[in-house]
Structures are given as C-alpha cells and as structure tokens.
Amino acid sequence: MIRKYALSFGALVLALSLAVAAAACGGDDSESEAGTGTVSVLSLWGGGEQEAFQKVLTAFTAETGIKTKYESARDFLPVVRSRLAAGNPPMVAIIPRPGIVADLAKEGSLISLDDLGLDADAINENYGEAWTNLTTVDGTTYGVVAKANSKSVVWYRPDDSKVQPVESFEELKTLTTSLTSDAMKPWSLGAKDSWTLTDWFENIYARTAGVDKYNQLFSGELDFTDQSVKDALTQMTELLNNESISGGIDGALGTDFVGGIGKVFSANPSAHLYMEGGFVGGIALADVNPDLVPGQTIDFFPFPTIDEAQGNPLVGGGDVTAAFVNNEDVAKLIEYLASPEAGEIWVSTGAIVSPNKGVTADAYPNELVKKEAEQVAGATAFVFDGSDLLPGALGEDWGTLLQNVLKEPSSMDSQLDQFQQQAEDAFAG
C-alpha cells in the first residue's frame with residue numbers, strides 16, 4: 001500500500017486530519033469524515049474509451065467494495081466550472097489538460113495527494129519526470145497521470161495499395177499530391193473537434209521550430225505572432241485544403257473526431273489517411289469497425305520528419321486523475337488508479353498506453369497499442385500537447401483560431417494578432 005497513514009493511528013485522528021484538509025479546500029465535512037460508499041468520477045470519455053475505463057472501475061469495486069458512478073461530459077471544463085459554482089463538484093475527475101489542473105489547484109478546488117493521506121513521493125516513483133511535472137503545482141502533487149498517448153501518428157490501411165508509410169514530410173506531401181485525383185481523398189479531418197487541428201499544428205511546429213521554441217510558445221515566453229508560428233501554419237494549410245480533404249474544408253469542419261476515423265476505417269471509406277493519436281486504434285476497433293484487423297486493415301506510421309536539424313520530437317498527451325472531495329473512498333480510488341494493477345487492466349483493453357513504469361509490455365493486447373507504447377518509451381525528444389498546456393480556456397480559443405485559419409488562410413495575421421493579446425492576458429492572470 002502507498003497510504004501514509006496506517007489504520008492504527010485511529011479513526012478519530014484520520015477523520016480530523018481529513019476534515020481539516022477538506023475544509024481548507026472548500027470540501028463538505030460530512031463527506032470528509034469517511035467514505036460515502038460511492039465515488040463519482042467525471043471524464044469526457046464516451047463509447048469504447050468509457051467502456052475500457054469502466055473495467056478498471058469494476059475491478060476497483062470488486063477489490064474494495066466501494067462503488068463508483070461514472071459521468072461523461074464532452075464539454076469538460078464548462079461542466080466542471082458549473083458544478084463547482086453550484087457546490088456540487090465531481091468527487092474525482094480525469095482532467096484532459098494539465099493547464100486546467102494548475103488552474104484548479106491554484107484556486108483551491110483540488111485536494112493534494114498529501115491531504116488525501118497518500119504518499120506522493122512513493123506514487124511518483126511509478127512515473128517519469130515528464131509525467132509527474134504534469135501533476136505538480138508549486139511543488140505539491142495533485143493527482144496521477146491516468147493514461148498517456150502519442151499524438152505523432154498517421155493512420156492508414158495496410159491493405160490500401162496506394163499508401164505506404166513515409167519518413168519525411170516531403171514524401172508525405174508527394175503522397176498527398178498523388179492521391180488528390182483519386183476517387184478517395186488523401187486526408188480525413190475531424191476539424192469540428194478543434195483539438196484535432198491543434199495536434200496537427202503541434203506536430204508541424206515541433207519539427208520546424210524545434211523543441212525549445214515549442215516550449216517557449218506554449219509557456220507564454222514566445223509570441224504567437226512569431227514568424228515560426230506563421231511558417232508552421234502555412235505548411236499546415238498548404239497540405240490540408242479543399243482538394244486534399246474528404247468533404248473539403250467545410251466538410252471537415254462539420255466532421256467530429258470519431259467521424260473522421262470512420263472516413264478511413266469504416267466499411268465504406270472516403271479517405272486514405274488520418275492523423276491523430278494512438279488512441280485512434282482502440283476507438284476504431286470498438287466504435288467504428290469491429291472487423292478491422294491490426295496490422296492488416298489498420299496500422300500507423302510515425303509523423304514524418306520535416307527538418308532534420310530539429311529531429312522527430314514526439315508530441316504526447318495525458319489525462320490527470322485528481323480529487324475534488326477528501327474522503328477515504330476517494331483516496332483509495334486515486335491510489336488504485338496509480339497502481340500497476342489498474343494500469344494493466346486498462347491497457348489490456350487496447351484503449352490506452354500507460355505511463356506507469358510497473359505496467360508490463362505483455363499486458364498490451366495487440367500490436368497497435370504495443371507499438372504505440374514502444375514509440376512513447378523510445379522517444380528521444382518529447383513535448384506535451386501544447387494546447388493542453390495553455391491556461392484557462394486559451395486552448396479552446398487556439399483551436400477556434402486554427403479552424404478559422406483553415407477556412408480562410410489569408411486571415412492568419414489578424415487572427416494571430418488578436419490571439420496574442422488573449423494569450424498575454426491569460427498568462428498574466
């Protein structure tokens with residue numbers, strides 16, 4: 001066990017310590033004395049992602065007797081804000097952006113691992129520094145990274161004779177051009193969910209401007225009006241246009257993330273390629289086309305190198321599990337989700353890659369997730385999803401800007417000027 005406080009300390013001492021911590025964080029004393037018997041968990045996942053996570057929650061209940069109630073909200077941040085304002089926060093949430101974690105921690109809405117009675121140092125031993133940095137705010141740990149993924153992935157069908165993996169961006173542009181006149185378009189794009197466009201930009205930017213500038217840009221040290229940003233956006237809009245995208249720009253802006261997967265991997269595809277994270281495989285197999293066979297009708301290759309001098313950085317993402325309510329049941333769930341046992345149950349579904357060092361390669365069920373896990377582990381340069389690092393709602397605003405620039409590339413300069421002012425205000429706040 002990773003609990004700091006043994007039961008021998010006495011129920012009274014534990015209840016008092018937890019009550020004080022909850023009061024400091026705005027918690028309800030009646031919830032902090034002991035477990036409620038049911039822990040509510042909020043996440044944005046639905047479909048196959050939700051089903052995979054539910055298996056972990058079911059195993060937790062079987063081991064502890066503590067029930068859970070899963071709640072899903074695609075508009076995660078507005079729902080959390082609304083519930084906090086109403087005094088009804090989720091007990092536990094899986095937060096999709098570390099920038100949100102920092103905001104919630106600084107305003108006192110989250111419970112630290114120490115205040116939950118958990119040993120943060122012992123838990124953090126299971127995770128590398130890149131991941132623990134995402135859960136640490138001003139030296140205090142507020143959660144654990146629930147899952148990780150590569151976002152530097154181009155998906156294709158190996159049975160598609162017109163597509164072969166490429167290693168350079170020039171080769172990718174050549175492939176795109178060669179497929180433009182085909183009955184199926186080169187690219188599918190789920191741009192209705194604007195975060196898919198942020199992933200496109202981040203992969204191009206990391207490979208053109210380099211890791212240092214990437215980190216400066218998404219930490220407020222480099223202006224979004226910098227020429228390096230404009231150059232990357234130009235590369236992006238030249239590749240993704242009305243001729244290269246299934247349904248054109250307007251069609252892409254009306255297609256969500258899962259719909260974009262279907263345009264390549266459904267029984268009736270309309271595009272050859274889809275750029276998104278390693279999590280696409282699990283969703284494609286569970287929600288889009290269960291007849292797909294990994295390595296035969298669905299596979300991926302790494303996002304290609306653009307500038308040899310900048311290498312091939314891995315853009316990755318992760319979701320942070322954190323607590324809003326302080327009680328024993330919540331602490332036990334957080335502790336369980338940080339364990340290799342929970343990680344192995346979760347990865348066995350094929351839906352995720354775990355950053356937990358205790359999860360073995362044998363736990364992965366197919367070559368797709370095993371291949372992604374190897375890509376994450378073997379990355380020589382790693383940058384975290386940039387839009388997820390932006391404070392407050394700035395990440396969503398950045399996605400909206402990319403939608404606008406995709407539709408009207410000539411608006412780039414004015415859009416960036418306006419966004420830079422928003423960024424300055426957000427980072428100053």
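These legends go with three close-up views of a predicted model.

**View 1. Asp-138, a loop residue with positive phi.** Let's start in the loop that links strand E4 (136–137) to strand E5 (140–141), where Asp-138 is found. The phi angle of Asp-138 is near 50°, a positive value in a residue other than glycine. Is Asp-138 buried or exposed? Its relative accessible area is 69%, and the cut-off for exposed is over 50%, so Asp-138 counts as exposed.

**View 2. Asn-149, a buried residue of strand E6.** Next, have a look at strand E6, which covers residues 143–150 and includes Asn-149. Asn-149 has a relative accessible area of 4%; because buried means under 20%, Asn-149 falls in the buried class. Which residues does Asn-149 touch, leaving aside those up to four places away in sequence? The contacts are Phe-279, Val-315, Gly-316, Gly-317, Gly-318, Glu-372 and Val-376.

**View 3. Phe-201, a buried residue of helix H9.** The last view takes you to helix H9 (residues 195–208), home of Phe-201. Phe-201 has a relative accessibility of 0%, and with the limit for buried set at under 20%, Phe-201 is therefore buried. When residues up to four places away in sequence are not counted, Phe-201 touches Leu-217, Phe-218, Val-229, Ala-232, Leu-233, Met-236, Trp-398 and Leu-402. One of these partners, Val-229, is 28 residues from Phe-201 along the chain, and the C-alpha atoms of the two are separated by 8.9 Å.

Conventions: Residues are numbered from 1 along each chain as its sequence is written. This is a predicted model: local features need pLDDT of at least 70, side-chain atom pairs count only at pLDDT 80 or more; totals for chains, interfaces and linings use all residues. Side-chain values use heavy atoms; hydrogens and water are left out. Helices (H or I, at least four residues) and strands (E, at least two) are DSSP runs, numbered from the N terminus. Buried means under 20% relative accessible area, exposed over 50%, partly exposed in between (1.4 Å probe, protein chains only). Contact means heavy atoms within 4.5 Å.
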